[in-house]
Structure formats: structure tokens, C-alpha cells
Amino acid sequence: MSGRADSDSLPDTRAEEAEKAEEPEEAGHGDDAEAAGRGEQDRQERQDRQGDQGDQDERDGDAPRRARWAATGTGAVLALAGTAASLLRLTGSAPALVPVAYACGAGTCALAAVLGSRGRTRRALWLSVAGLMVMALGDQFD
């Protein structure tokens, strides 16, 4: 299309297609039982496709729930592990920075668990990663 105002536009073929669709087709070229069977088969195929679509919708609805559970569970497990490591390192002869790093990482993971339970799964993922990195950094000072 050139965009010029004086250019000719293409003919409207949609009107012709609509007229053809309105014309009844001639019957009598086939068995009515065969046509009814094909109609029933087509209807069954459409229902199967709709059933598959319904199953897909149910699976899609479960994805956010699973993501929330995964974020909450991961954050909680990492928080418990960080707390346990912090308490173990506190009783040992490690420098004071090590249990503090584990405790801060555990707190970050606990916050990630809270955010995950509220549906903020992306933020929960990044906070879990950050908390785990803080704990790994504390382990480097040991």
C-alpha cells in the first residue's frame, strides 16, 4: 500500500463470501444417516478438544499454587538450615562474623518464605538466592 489518498483500494471480497455462505446447499447427494454420523463425529471431536482445553485450564490454574508452595517451602527450609548452622557455629571456635552471616542469610530466607506464601514468587526466589549467598559468604570466613 502506497498510502496515497488517490490510490484504488482492493475490492471487498468479504461481502461476496457472506452471500455464498447464506445460500443453502443442495441436499440429496448422500445418505442422511451418513451425514448424521459425520455430524455426530464432528461434535464429539469438538467436545474432546474442549475437554482437553478444560484440562489445560486446570493445569494452568495449579501452576501459581505450586510456585507459591515451592517458594514458601524453599525459603522455610533454607531459613531453618541457616538458623541451625548459625547456632552450631556460635558454639564453636569460629569468628563472630560467621554465625552473624548465617543468621542474616536465614532471616533473608525467612522473608523469602513469607513473600512466597503471599504470591510474590519472583521476589521470594531472588531473596532465597541472596540469603543463600550470604550464608555461603559467611562460610568462607570460617
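## Close-up views

**View 1. Helix H3 (residues 97-117) has the span one would expect of it.** At 1.5 Å a residue, its 21 residues should cover 30 Å, and the C-alpha atoms at its two ends are indeed 30 Å apart. As with every view here, what you see is a predicted model. Which residues of H3 are buried? They are Val98, Pro99, Ala101, Tyr102, Gly105, Ala106, Cys109, Ala112, Ala113 and Gly116. Looking down the axis of H3, you would find these buried residues within an arc of 155°, so they line one face of the helix. Just past the end of H3, look for Gly119, whose phi is positive, at about 95°.

**View 2. The whole protein is built from four helices and zero strands.** Stepping back for a moment helps to place the close-ups. Starting at the N terminus, the order of elements reads α-α-α-α. The protein has 142 residues, and 15% of them are buried. A search of the whole structure turns up two salt bridges, and zero disulfides are present.

**View 3. Cys104 and Cys109 sit in contrasting surroundings: which of the two is buried, and which is partly exposed?** Cys109 has a relative accessibility of 0%, so it counts as buried. Cys104, with a relative accessible area of 44%, is partly exposed. As a reminder, a disulfide is a covalent bond that joins the sulfur atoms of two cysteines. The number of disulfides in this structure is zero.

**View 4. Helix H4 (residues 121-140) turns one face inward.** H4 has 20 residues and runs 29 Å from its first C-alpha to its last, close to the 28 Å expected at 1.5 Å a residue. Its buried residues are Ala124, Ser128, Gly131, Met135 and Gly138. Viewed down the axis of H4, the buried residues fall within an arc of 85°, so they line one face of the helix. A general rule is handy here: an α-helix has 3.6 residues a turn, so residues three or four places apart point the same way. On the other side of H4 are the exposed residues Arg122, Arg123, Trp126, Met133 and Gln140.

**View 5. Leu125, Trp126, Val129 and Met133 form a nonpolar patch on the surface.** Together these residues make a patch of about 460 Å². Trp126 and Met133 are exposed residues of H4. Val129 is found in H4 too, and its relative accessible area of 33% makes it partly exposed.

**View 6. A salt bridge joins Arg65 to Asp62.** Side chains of opposite charge can pair when their charged atoms come close. Here, the closest N and O atoms are 2.9 Å apart. Both partners belong to helix H2, and because they are three residues apart, about one helical turn separates them. Arg65 is partly exposed, at 43% relative accessible area, and Asp62 is partly exposed as well, at 31%.

**View 7. A salt bridge between Arg89 and Asp139 links two helices.** The side chains meet with an N to O distance of 3.6 Å. Arg89 lies in H2 and Asp139 in H4, so the pair ties together parts that are 50 residues apart in sequence. How accessible are the partners? Arg89 is partly exposed, with a relative accessible area of 29%, while Asp139 reaches 34% and also counts as partly exposed.

**View 8. Two residues of helix H2 can be followed to partners farther along the chain.** Leu87 lies in H2 (residues 32-91) and is exposed, at 52% relative accessibility. Its C-alpha atom is 8.5 Å from that of Ala103, and the two residues are 16 apart along the chain. Pro64 is found in H2 too, where a relative accessible area of 41% makes it partly exposed. Between the C-alpha atoms of Pro64 and Thr121 the distance is 8.7 Å, with 57 residues separating them along the chain.

How values were computed. Residues are numbered from 1 along each chain as its sequence is written. This is a predicted model: local features need pLDDT of at least 70, side-chain atom pairs count only at pLDDT 80 or more; totals for chains, interfaces and linings use all residues. Side-chain values use heavy atoms; hydrogens and water are left out. A disulfide is a pair of cysteine sulfur atoms within 2.5 Å. Buried means under 20% relative accessible area, exposed over 50%, partly exposed in between (1.4 Å probe, protein chains only). The expected span of a helix is 1.5 Å times one less than its number of residues. The arc is that of the directions from the helix axis to the C-beta atoms. Patches are made of residues with over 30% relative accessible area and no salt bridge: like charges are joined within 9 Å, nonpolar side chains (Val, Leu, Ile, Met, Phe, Trp, Tyr) within 5 Å. Accessible areas come from the Shrake-Rupley method with a 1.4 Å probe; for residues, only the protein chains shown count as cover. A salt bridge is a side-chain nitrogen of Lys or Arg within 4 Å of a carboxyl oxygen of Asp or Glu.
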